[in-house]
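Welcome! Here are some short exercises to work through at your own pace, each followed by a worked solution.

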Amino acid sequence: MPPEEPDFPRPADHDPYESLRSPSFCIFLLGNFLFVVAYQMQTVAVGWEIYQRTGQPLALGLVGLVEFAPVLLLGLIAGQVADRVDRRNLVMVCVALVGLASLLMAWASAAQAPLWTLYAALLAIGVGRAFQQPAKASLLPQIVPLEHFGNAITWATGTFHLASVVGPACGGFLVHLLGDPWLVYLLDGFLALGFCALLMGVKHRRHTPERGAPNWHTLVAGLDFIRRRPVILGAITLDMFAVLLGGAVALLPVYAEDILAVGSLGLGWLRAAPAIGALGMAFFLAHRPPLERAGRALLASVAGFGLATIVFGFSRSFALSFSMLLLTGALDNVSVVIRQTLVQILTPEDMRGRVAAVNSIFIGASNELGGFESGLVAQWLGPVFSVVSGGAGTVLVVAAVALLWPELARYGRLGARQTP
């Protein structure tokens, strides 16, 4: 069978919709949007149900731990698998596993089965996501040409953030309307299986799988590759510590209730603000040519993220706080687009799965540890100190990365295959 090639025109001039002119990319984008919406709905519903059934905050903490543990433990293996098999088929299998696990959750919830059945389903979802994330990230350059990859990442992050607004809102509304989370899980399962079906219509270039028997060297090849590429290492380090130190999201309930006094309705708007800002920035980036000084833009966006976090930490005005969260979302979107484009452009095709897996582990760990770090510092020294010190730490990390890896600051046009 001849390899499938992306059905994609190649206009000479900048076109903000160049990646969207590919039917295969649009199918992928729609399916992934539905998948993220389903996951976000499920997160709201399972959190509500577990807390209703147990009344224990620790039971909620176990949800994140159960889902992240497979990513941490299986991430390197998942990256190696993604470099040895057809990535589209691997994504389909993983998404199908997530969908079936959601259907299991629907049964367990409707039957009021023991709580461990919900955690078992969440563990299966974590395994599916552990293998799905590197495969999906490394599949995208096989759907669109690399010269359009930055534009594709911009639209992909934009739809992700839109799903991050729509999903929780729909999840909360449906739980309130239907009164039973099992119906939400049922819908989640069908949406995930719908993504799996849509993937069958995605055309992609075949990659040459890595040859030879897997061993320890091939397992850690992604780590070794990143270690020897200052641009990639600097970009991943910058993003990891920005999320670890600068995230104020974990403390938003405290700000909404005790500092800004805006209640649950205000909390909903505060949680939505970063995604709204990111969506607006994605639309702006798509309509402008690729960044000419991407390295400096990355450093500046993360530094701006830290400064906006500091202002938010000190703010006692809802309008100012909301504006700063909008700004953090917009600047975070800039850094995500640049980082993901750099990682994929500068990584050989046969290594993309393993490098994407390392990236997923780093960012996933920083998300989990970031929330823990914010809560721990807030418990000891107060929420304002936690947020402000985190923002200041982010700015210091930017300065340290610029000094340690000057190659990152010198990186030019986004999407150019410069020597890392």
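Before starting, here is how helix angles are read: axes are lines fitted to C-alpha atoms, for helices over the stretch in contact, and angles run from 0 to 180 degrees between N-to-C directions. Please keep in mind that this is a predicted model.

**Exercise 1. Describe the overall make-up of the protein: how many helices and strands does the protein have, and what share of the residues is buried?**

Step 1: The secondary structure comes to 16 helices and zero strands.
Step 2: Of the 420 residues in the protein, 55% are buried.
Step 3: Now turn to the contacts between residues at least 6 apart in sequence; 87% of these join residues at least 24 apart.

**Exercise 2. Work out how H1 and H6 are arranged relative to each other.**

Step 1: Two packed helices are described by the angle between their axes and the distance between the axes.
Step 2: For helix H1 (residues 23-54) and helix H6 (residues 182-199), the angle is about 160 degrees and the axes are 8 Å apart.
Step 3: Angles over 145 degrees count as roughly antiparallel, so H1 is roughly antiparallel to H6.
Step 4: The crossing of H1 with H6 is left-handed.
Step 5: Sorting the residues of the contact of H1 with H6 gives 17 nonpolar, three polar and two charged.

**Exercise 3. Do the same for H5 and H13, and list the residues that make the contact.**

Step 1: H5 packs with helix H13 (residues 318-345) at an angle of about 135 degrees, and their axes are 9 Å apart.
Step 2: That angle makes H5 and H13 oblique to each other.
Step 3: H5 and H13 cross in a right-handed way.
Step 4: From H5, the contact is made by Phe149, Gly150, Ile153, Thr154, Thr157 and His161. From H13 come Asn333, Val336, Val337, Gln340, Thr341, Gln344 and Ile345.
Step 5: The residues of the contact of H5 with H13 divide into five nonpolar, eight polar and no charged.

**Exercise 4. Take a closer look at Thr154: is Thr154 buried or exposed?**

Step 1: Find Thr154 in helix H5 (residues 149-178).
Step 2: The relative accessible area of Thr154 is 4%, so Thr154 is buried.
Step 3: Leaving out residues up to four places away in sequence, Thr154 touches Ala282, Leu285, Ala286 and Val337.
Step 4: Thr154 and Gln340 are 186 residues apart along the chain, and their C-alpha atoms are separated by 9.6 Å.

**Exercise 5. Compare the surroundings of Arg87 and Leu223.**

Step 1: Arg87 is found in helix H3 (residues 87-110), and Leu223 in helix H8 (residues 221-227).
Step 2: With a relative accessible area of 0%, Arg87 is buried, whereas Leu223 is partly exposed at 36%.
Step 3: Setting aside neighbours within four places in sequence, the contacts of Arg87 include His207, Glu349, Asp350 and Arg352. On the same basis, Leu223 is in contact with Leu76, Val358 and Phe362.
Step 4: Leu223 and Leu233 are 10 residues apart in sequence, and 9.6 Å apart in space from C-alpha to C-alpha.

**Exercise 6. Find out how many disulfides the structure has.**

Step 1: A disulfide needs a pair of cysteine sulfur atoms within 2.5 Å.
Step 2: Searching the whole structure gives zero disulfides.
Step 3: Take Cys94 as an example: the nearest cysteine sulfur, that of Cys196, is 9.9 Å away, and Cys94 is in no disulfide.
Step 4: Cys94 counts as buried, at 5% relative accessibility, while Cys170 is partly exposed at 31%.

Definitions and conventions
Residues are numbered from 1 along each chain as its sequence is written. This is a predicted model: local features need pLDDT of at least 70, side-chain atom pairs count only at pLDDT 80 or more; totals for chains, interfaces and linings use all residues. Side-chain values use heavy atoms; hydrogens and water are left out. Buried means under 20% relative accessible area, exposed over 50%, partly exposed in between (1.4 Å probe, protein chains only). Helices (H or I, at least four residues) and strands (E, at least two) are DSSP runs, numbered from the N terminus. Angles under 35 degrees count as roughly parallel, over 145 as roughly antiparallel, 65 to 115 as roughly perpendicular and the rest as oblique. A crossing is left-handed if the near helix is turned anticlockwise from the far one by less than a right angle, and right-handed if clockwise. Ala, Val, Leu, Ile, Met, Phe, Trp, Tyr, Cys and Pro count as nonpolar, Asp, Glu, Lys and Arg as charged, and the others, Gly among them, as polar. Contact means heavy atoms within 4.5 Å.
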